[in-house]
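Morning, everyone. Please pull up the sequence and the model, and I'll walk you through them.

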2 protein chains.
Amino acid sequence: MLVHHLYSGGKDSSLSAWILTRLGYEVRLVTVSFGLLDNWSFARETAERLGFEHQVVYLPREILERAADMAIKDGHPNNAIQFIHERALEAVASMPEVERVSDGTRRDDRVPFLDLPKARSLEDRFNVAYIRPLLGLGYKTIRELTERLFVVEIRESEELEKADYEVELRHLLRERGIDPLEIFPKRHYQSRVLGWREKGI
Amino acid sequence: MLVHHLYSGGKDSSLSAWILTRLGYEVRLVTVSFGLLDNWSFARETAERLGFEHQVVYLPREILERAADMAIKDGHPNNAIQFIHERALEAVASMPEVERVSDGTRRDDRVPFLDLPKARSLEDRFNVAYIRPLLGLGYKTIRELTERLFVVEIRESEELEKADYEVELRHLLRERGIDPLEIFPKRHYQSRVLGWREKGI
């Protein structure tokens with residue numbers, strides 16, 4: 001029972017990966033990249049520290065360009081992040097060996113988030129199971145599990161060495177001469193997992 | 001980390017209980033009863049076969065009476081089941097020793113189901129964490145886990161020896177001279193877990 005799990009190296013996607021192993025799944029972590037930066041390597045480093053297999057899936061740069069257009073037009077990144085996440089899920093789900101895709105989205109997330117029709121559509125179009133281990137957990141539960149399991153580093157997004165979509169999106173905005181701080185929230189803390197606190201797998 | 005988990009003896013609530021143990025929680029199964037029937041004993045029997053602690057929480061009969069009124073007025077049981085489930089969660093969440101409540105509701109369920117504002121309201125009003133281990137799983141995933149873990153008996157609702165709200169609600173409708181088959185769907189298959197297939201805890 002192999003599952004391909006979208007992975008940023010953050011605590012939500014790390015906790016989800018751990019839950020999948022506890023349910024008996026063999027977990028392959030997948031980080032998407034648009035090839036602008038090699039920040040996927042932070043996810044790989046965390047994956048290795050945690051003992052997971054890891055692969056990088058490259059998405060066409062056009063997707064990031066279009067996401068940047070959306071972020072500029074909207075003046076905030078929500079639709080852009082949602083757009084990238086949907087394309088990332090589709091890219092992984094369409095790989096021939098993939099039967100199950102997973103991510104670390106939470107009950108309390110606004111974006112990225114697939115509502116029920118979109119979740120079912122993903123499953124139906126690509127004949128996969130879509131698993132979201134954190135969807136039924138609130139922030140208290142996620143916090144108590146994360147604190148038990150992981151050593152976590154928390155910093156502001158601009159500073160953090162991380163492998164989520166934001167980093168390349170901010171980079172592309174800068175390339176276009178736009179200050180990401182005009183689009184992204186000013187104080188936006190992000191997490192990166194550094195290793196196990198309590199050996200989890 | 002003790003969690004009180006609403007339990008019917010069916011496969012969804014059994015699978016959820018197993019997931020909670022896999023996440024490191026100590027699980028106490030709770031079956032609600034209105035005191036009309038002793039069908040909670042089917043849940044207890046399954047709980048014992050699976051090796052879980054089990055307790056019965058009695059709810060006021062007025063709740064079932066009001067649910068019956070709703071079912072009769074609506075001509076279908078959805079609002080009634082939703083109403084009972086919300087009262088059951090509140091009753092368990094309000095018990096002084098309870099810090100975490102859980103249930104086996106699924107992503108694809110229409111009822112019973114707490115939307116995000118209701119889930120947060122439950123957590124805030126009673127200062128508990130509300131955990132739904134199946135919320136992020138689709139039917140394929142639930143099926144593959146259930147088939148691996150449990151020996152399951154599937155029958156039509158009218159026949160099944162089970163401990164969910166429906167049984168006492170149907171009984172009360174019959175007491176009022178109403179045929180439950182006029183209100184509940186005609187072919188409504190329900191499951192009851194008989195034991196472990198693969199030893200899970």
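By what turn, and with what RMSD, can chain A be laid on chain B? The turn is 180°, with a shift of 0.0 Å along the axis, and the RMSD is 0.0 Å. That makes the relation a two-fold axis. Keep in mind that this is a predicted model.

What does that do for the contact surface? The same surface serves both copies. Of the contact residues of chain A, 100% recur in chain B.

Now the interface itself. On the residue level, 29 residues of chain A are in contact with 29 residues of chain B. For area, the two chains bury about 2600 Å² between them. Carbon and sulfur atoms give 46% of that. Which residues of chain A lose the most area to chain B? They are R22(A), L23(A) and R107(A). Together they account for 24% of what that side buries.

Next, the polar side of things. How many salt bridges are there between chain A and chain B? The count is 6. Take R107(A) again. Its side chain meets the side chain of E123(B) in a salt bridge, 2.9 Å from N to O. So R107(A) shows up twice: R107(A) is among the residues losing the most area, and R107(A) is in a salt bridge with E123(B). As for polar contacts, 15 residue pairs are found across the interface, both partners at pLDDT 80 or more.

Which elements build the side of chain A that touches chain B? Four of them supply at least two residues each: α1 (11–22), α5 (116–126), β5 (129–131) and α6 (139–149). The largest share comes from α6(A), with 5 residues. And the make-up? That side of chain A divides into 14 nonpolar, 5 polar and 10 charged residues.

Last stop: one residue in chain B. Where does D179(B) lie? D179(B) sits in the loop between α7 (165–175) and β7 (189–196) of chain B. Is D179(B) buried or exposed? Neither label fits: D179(B) counts as partly exposed, because its relative accessibility is 37%, and the partly exposed class runs between 20% and 50%. Locally, a polar atom of the D179(B) side chain lies 2.9 Å from the backbone nitrogen of L181(B). For a long-range reference, take S14(B). D179(B) and S14(B) are 165 residues apart along the chain. Their C-alpha atoms are separated by 30 Å.

That's my tour. Over to you.

Note on methods. Residues are numbered from 1 along each chain as its sequence is written. Chains are lettered from A and ligands numbered from 1 in the order in which they are written. This is a predicted model: local features need pLDDT of at least 70, side-chain atom pairs count only at pLDDT 80 or more; totals for chains, interfaces and linings use all residues. Side-chain values use heavy atoms; hydrogens and water are left out. Copies are superposed by least squares on the C-alpha atoms of residues with pLDDT of at least 70 in both. Contact means heavy atoms within 4.5 Å. Buried area is the accessible area (1.4 Å probe) that two parts lose on being put together, summed over both. A salt bridge is a side-chain nitrogen of Lys or Arg within 4 Å of a carboxyl oxygen of Asp or Glu. A polar contact is a pair of N or O atoms within 3.5 Å; within protein, one must be able to donate a hydrogen and the other to accept it, and residues adjacent in sequence count only if both atoms are side-chain atoms. Helices (H or I, at least four residues) and strands (E, at least two) are DSSP runs, numbered from the N terminus. Ala, Val, Leu, Ile, Met, Phe, Trp, Tyr, Cys and Pro count as nonpolar, Asp, Glu, Lys and Arg as charged, and the others, Gly among them, as polar. Buried means under 20% relative accessible area, exposed over 50%, partly exposed in between (1.4 Å probe, protein chains only).
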